[in-house]
Amino acid sequence: VQLQASGGGLVQPGGSLRLSCVASGIIYNINDMGWYRQAPGKQREVVAGITRGGSTNYADSVKGRFTISRDNAKNTVYLQMNSLKPEDTAVYYCNADVRSRFGARAYDYWGQGTQVTVSS
C-alpha cells in the first residue's frame, strides 16, 4: 500500500490550498484517514481526522479554517485549507489505517509529505 500526497505549495497569508492523498495497492477497505504536519524544529502534530463514515475532528488551531473530506470509492482523503497563516507552514503528511483483505488486521500507512509554505 502506498499513499501519495499532493497539492502543497507557496501561498500568501489568507490564501487557500487543497491537499489530496490517494491510497493505492492491495486495499480491502480504509478505516480512519487523517492529516498531520511537522514544522521545522517541532514534533509532528495531528491536523484533522476522518472516519470511514465521515465523522471528523480537528486541531483547535485549524478549526473553522480547514475541512477534511474523503472519497471512499477513490481511496482518497482531502484537506481544504482556507485563511492560511504563516504558522501553518509545515510539511503535511497523510495517514491511513488500511485493511488489505477481509478479516485481516489493519495497518497504518503514511504518505511522503507535501510542503506548505505560507508567506508574503
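# A buried aspartate, its partners and the strands around them

In the hairpin of E7 and E8, four residues lie between the strands, and asparagine 75 takes a positive phi near 50°. The model is predicted. This briefing starts with that hairpin, then turns to the core, to aspartate 88 and to the salt bridges.

**The E7–E8 hairpin**

- E7 and E8 pair in the antiparallel sense, with six bridges.
- Across this pairing, arginine 70 of E7 stands opposite valine 77 in E8.
- Side chains alternate along E7.
- On one face of E7 are Phe66, Ile68 and Arg70, which are buried.
- Thr67, Ser69 and Asp71 point to the other face of E7 and are not buried.

**The largest nonpolar core**

- The largest nonpolar core has 29 residues.
- Which of its members touch the most others? They are Trp35, Val47, Phe66, Val77, Leu79, Met81 and Tyr92.
- Eight strands, namely strand E1 (2-6), strand E3 (17-24), strand E4 (29-38), strand E5 (45-50), strand E7 (66-71), E8, E9 and strand E11 (114-118), each supply at least two residues of this core.
- E9 gives the largest share, with five residues.
- Phenylalanine 66 belongs to this core. Leaving aside neighbours within four places in sequence, its contacts include Val47, Tyr58, Leu79, Met81 and Tyr92.
- Phenylalanine 66 is also in contact with Arg37 and Asp88, two charged residues that come up again below.

**Aspartate 88**

- Where is aspartate 88 found? It sits in the loop between strand E8 (76-81) and strand E9 (90-99).
- Is aspartate 88 buried or exposed? Its relative accessible area is 0%, so aspartate 88 is buried.
- Not counting residues up to four places away in sequence, aspartate 88 touches Arg37, Arg65, Phe66, Ser83, Val116 and Val118.
- Two arginines make polar contacts with the aspartate 88 side chain: the contact with arginine 37 is 3.0 Å, and the contact with arginine 65 is 2.7 Å.

**Salt bridges**

- Side chains of opposite charge can pair when their charged atoms come close.
- How many salt bridges are there? The count comes to four.
- One salt bridge links aspartate 88 and arginine 65, with the closest N and O atoms 2.7 Å apart.
- Aspartate 88 lies in the loop between E8 and E9, and arginine 65 lies in the loop between strand E6 (56-58) and E7, so this pair ties together parts that are 23 residues apart in sequence.
- Arginine 65 is buried, because its relative accessible area is 10%.
- Which residues do salt bridges with shared partners join into one network? The network holds Arg37, Glu45, Arg65 and Asp88.
- Within this network, glutamate 45 and arginine 37 meet through their side chains in a salt bridge of 2.7 Å, N to O.
- Arginine 37 has a relative accessible area of 6%, so arginine 37 is buried.
- Glutamate 45 is partly exposed, because its relative accessible area is 37%.
- Lysine 63 forms a salt bridge with aspartate 60, and their closest N and O atoms are 3.1 Å apart.
- Aspartate 60 counts as exposed because its relative accessibility is 64%, whereas aspartate 88 counts as buried at 0%.

Technical notes:
Residues numbered from 1 in each chain as written. Predicted model: local features only at pLDDT ≥ 70, side-chain atom pairs only at ≥ 80, totals over all residues. Heavy atoms only, no water. Buried < 20%, exposed > 50% of the residue type's maximum accessible area, 1.4 Å probe, protein only. Polar contact = N/O pair within 3.5 Å; in protein donor to acceptor, adjacent residues only side chain to side chain. Contact = heavy atoms within 4.5 Å. Core = buried A, V, L, I, M, F, W, Y, C linked by side-chain atoms within 4.5 Å. Pairing = 2+ DSSP bridges.
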